[in-house]
Amino acid sequence: YLNIYDFDRCTGVLSNPLQITYADSARACGLAISPNSRFLYVSSFKYVYQYDLWATDIPASKDTVAIYDGFVVPSIFATTFSLAQLAPDGKIYITCSSSVPYLHVINYPDLPGDSCEVCQHCVELPTWNAFSIPNFPNYRLGPTEEPCVTAVGEPEAALQQDMVRVYPNPASAYLWVEALEGNMSRPLQWVLYSATGQAVKSLTLSGRQQLDIECLAAGLYLWKVWDGDGRWQVGKVVVED
């Protein structure tokens, strides 16, 4: 089966789970998503399936875009489908489930059905490869709609303003988070993140509020605050033992 989620890139939260169950002869399986984020490809041993993530009924959108053609190397190693990875050139490469000097490639993964053009054992490698392929996040998604400390890229600098004061810094038992003059009449969303980007504390702020941080491990933390008009501010605070 497949588990599909919405993913919040700022908080790391998974939501809206969808599980799709399918039955075939799979002994190895890979996943990759097209550059336009529309099509999900499942490389399932003898088959490559395509799902339309924009469809109203995602399970019903399943389309078989490739069936293993029986190619073997030299006479016993089958080039059946294994792991899949979206590459910087916008194509999806698929390994084989045996030790062979070939990769499969989906040339046009943004297109539906057979138009995506799955080319079997079309990429010849300089050496033999079995199963493995690099597993990278998609770093080419661009910035998020809302500013966040983990986003790729930055919002316009003009929208960054001094909105709150966070003290003491360094801190150990507590923090004070105080909205500056001119920002006290509207609710502000303030979030404290670990160095790895995980949200650990949050406040809805319209004045001055104390925050207990005794449960936090010592280290560097990042914070972000924003309002409903697109203004934002980020900062750092050191938590001591």
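Begin by selecting Leu188 and Leu205: these two residues are bridge partners, with Leu205 located in strand S16. Please note that the model in the viewer is predicted.

Next, extend the selection to residues 188-193, which form strand S15. Strands S15 and S16 pair in the antiparallel sense, and six bridges connect them.

Now display the whole sheet to which these strands belong. This open sheet has four strands in the order S16-S15-S18-S19, and the pairing is antiparallel. Select residues 199-205 for S16 and 232-239 for S19: both strands stand at the edges with a single partner strand each, so one side of each has no neighbour in the sheet. From one strand to the next, the twist averages 20°.

Proceed to two cis peptide bonds. Select Val73 and Pro74, where the bond between the two residues is cis with omega near -25°. Pro74 is placed in the loop between strand S7 (72-73) and strand S8 (77-78). Then select Tyr167 and Pro168, which are joined by a cis peptide bond with omega of about -5°. The loop that holds Pro168 runs between strand S13 (164-167) and strand S14 (174-179).

Conclude with two residues of positive phi. Asn16, although not a glycine, has a positive phi of about 50°. Asn16 belongs to strand S2, residues 14-20, and is exposed, with a relative accessible area of 54%. Ser37 is also a residue other than glycine, and its phi is positive, near 65°. Look for Ser37 in the loop between strand S3 (30-33) and strand S4 (39-44); Ser37 is partly exposed, at a relative accessible area of 34%.

Methods: Residues are numbered from 1 along each chain as its sequence is written. This is a predicted model: local features need pLDDT of at least 70, side-chain atom pairs count only at pLDDT 80 or more; totals for chains, interfaces and linings use all residues. Side-chain values use heavy atoms; hydrogens and water are left out. Two strands pair if DSSP finds at least two bridges between them. Axes are lines fitted to C-alpha atoms, for helices over the stretch in contact, and angles run from 0 to 180 degrees between N-to-C directions. Buried means under 20% relative accessible area, exposed over 50%, partly exposed in between (1.4 Å probe, protein chains only).
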